[in-house]
Amino acid sequence: MDVSQKVMEIIAREQHLDPGVVTIDSTFEQLGIDSLDGVNILFALEEEFKIDIPDAVAQSMKSVQQVVNSLTRVLEGKDISDLVAMAKGETQPAAN
Amino acid sequence: MVRRVVVTGVGVLAATGREPEAFINNLIAGRSGIRRIQQFDPSALSVQIAAEIPDYKGTDYFPAKRLDLIDRFTEFGLIAAKQAMESSGLEVADEERPRFGVMMGAGMGGAQTYELGYCSLFAKGATRVHPFTIPKSMHNAATSQICMEYGAQGPSLATSTACSSAGHAIGEAFRHIKFNLADVMLAGGSESPITFGIMRFWESVRVMATGNSDPSHACRPFSGDREGLVIGEGAAVLVLEELERAKRRGAKVYGEIVGYGLSSDAGHITQPTVDGPARAIRMALDEAGTNPEDIDYINAHGTGTRLNDATETQVVKKVFGEHARKLAISSTKSMHGHAMGATAALELAATLLAMDRGVIPPTANYTTPDPECDLDYVPNQAREAPIRAALSNSFAFGGLNAVLLVRKFQ
């Protein structure tokens with residue numbers, strides 16, 4: 001299952017955008033997604049993938065890539081406590 | 001300091017019209033908006049009829065994204081508010097915003113949203129609901145969204161008193177301008193109660209007219225063969241404005257609100273008393289300094305139930321004495337249905353539009369006299385007659401009454 005494809009589809013659907021407008025490099029700001037929209041997208045993603053995304057992580061997601069990264073880790077059952085801590089400002093993000 | 005309050009704008013969305021002209025024209029023509037329910041399949045219900053806005057689609061009025069954030073009852077309120085603002089030509093400067101408020105009645109609030117949410121949780125076992133469920137369903141959603149739309153920062157609230165909700169909202173808006181707490185108000189009500197669940201709830205009360213085979217004739221207020229009320233949906237919003245401000249900008253005046261009476265029956269939770277409503281009418285007359293003999297028309301609560309119509313007849317006789325036989329009474333619910341938290345606003349709009357034209361709308365479907373209802377209900381045919389002053393009555397479940405008195409503007 002291609003997580004990134006699904007994420008882009010869902011964001012486009014929830015935001016009533018043409019599918020081609022949402023790319024892996026899009027930021028929320030570029031797509032006109034505000035915090036209320038973010039909550040809506042989160043709900044749709046949780047419903048689609050049957051998972052729970054912690055609020056702190058959800059609030060920190062500001063781009064399509066970030067969403068895909070967080071989601072992939074949750075789906076693979078990997079520990080995301082570092083993401084949560086980062087979102088709460090408790091640690092610095094790792095250099096990429 | 002006491003000021004005069006006039007109505008300078010009207011917006012209506014109802015079964016008998018999607019804007020004020022169509023609305024009043026259909027009422028005057030005696031055309032009922034009651035039909036078989038279209039918005040879902042009503043075959044499983046005992047009562048399959050309602051007064052729905054014909055061919056209503058939210059997407060005709062709002063972008064899809066906006067619709068995600070608002071319940072249908074809020075859509076109706078926003079549409080009526082827009083019509084009212086546009087018809088009045090009202091402009092509010094930034095510094096005036098703290099004196100510009102919104103007061104809307106809502107009896108059942110975001111009914112569709114509640115229903116979908118509960119269905120998810122209880123029938124489908126979901127552990128969460130859509131994040132907008134609360135902001136969409138709360139009773140004040142229409143008020144708040146209208147405030148946001150027009151930058152209204154003044155005294156604002158939502159009232160919930162069943163069938164009297166919009167009457168109380170308009171009354172409170174009137175008072176705030178009268179007593180110098182606001183200069184302009186948008187006031188009215190909106191309701192979208194036609195859901196499967198709510199129709200079932202109402203079936204259990206056993207006060208609805210059945211009439212599935214002949215919907216347009218189902219609601220027969222004051223008629224000897226009346227069977228009950230018919231649920232309706234819709235919204236009406238009025239622009240209430242302080243008189244001098246309206247005059248300065250040359251606004252069209254539909255009428256002047258001069259009295260607002262309210263009272264509690266403290267009687268029965270569903271059955272009206274005679275004294276409670278009579279007190280509310282007297283309170284409105286006293287405030288306006290109007291003699292009972294100066295009332296030409298009463299837009300009745302007139303739901304079409306056996307009990308309301310007989311009781312309301314006694315109320316009018318009690319307050320008006322001999323004049324009860326001279327004034328005209330009609331129930332426009334016979335055509336636009338009982339729109340719950342919006343109905344008092346629909347009815348005041350009908351009263352003002354009637355007064356503006358000098359035509360009294362009829363009580364439709366009057367077939368048989370009833371000895372308990374022996375006043376002039378303007379049966380079936382509209383009547384050309386000047387209306388100097390009129391009352392709009394709302395006598396709600398729970399015995400909470402709201403009466404508004406309007407006068408032709410001089």
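In this predicted model, 4 residues of chain A are in contact with 5 residues of chain B. Sorted by class, the side of chain A that touches chain B splits into 2 nonpolar and 2 polar residues, with no charged ones.

Turning to chain A itself, the secondary structure is helices and nothing else by way of strands: 6 of the former, 0 of the latter. Reading along the sequence gives the pattern α-α-α-α-α-α. Of the 96 residues in chain A, 20% come out as buried. As for how the chain contacts itself, take the contacts with a separation of 6 or more: 56% of these in chain A are between residues 24 or more positions apart.

One helix pair can be described in some detail. Helix α1 of chain A covers residues 3–14 and helix α3 of chain A covers residues 35–49; their axes come within 10 Å and cross at roughly 135°. That angle is neither over 145 degrees, as roughly antiparallel would need, nor within the 65 to 115 degrees of roughly perpendicular, so α1(A) and α3(A) are oblique to each other. The crossing of α1(A) past α3(A) is right-handed.

On the α1(A) side, the residues that meet α3(A) are Lys6(A), Val7(A), Ile10(A), Ile11(A) and Glu14(A). Their counterparts in α3(A) are Asn40(A), Ile41(A), Ala44(A), Leu45(A) and Glu48(A). By class, this contact between α1(A) and α3(A) has 6 nonpolar residues, along with 3 charged and 1 polar. Among the charged ones is Lys6(A) in α1(A), while Asn40(A) in α3(A) is polar.

Conventions. Residues are numbered from 1 along each chain as its sequence is written. Chains are lettered from A and ligands numbered from 1 in the order in which they are written. This is a predicted model: local features need pLDDT of at least 70, side-chain atom pairs count only at pLDDT 80 or more; totals for chains, interfaces and linings use all residues. Axes are lines fitted to C-alpha atoms, for helices over the stretch in contact, and angles run from 0 to 180 degrees between N-to-C directions. Helices (H or I, at least four residues) and strands (E, at least two) are DSSP runs, numbered from the N terminus. Angles under 35 degrees count as roughly parallel, over 145 as roughly antiparallel, 65 to 115 as roughly perpendicular and the rest as oblique. A crossing is left-handed if the near helix is turned anticlockwise from the far one by less than a right angle, and right-handed if clockwise. Two residues are in contact if their C-beta atoms, placed from the backbone, lie within 7 Å. A residue is buried if 20 or more other C-beta atoms lie within 10 Å of its own, exposed if 12 or fewer, and partly exposed in between; C-beta atoms are placed from the backbone.
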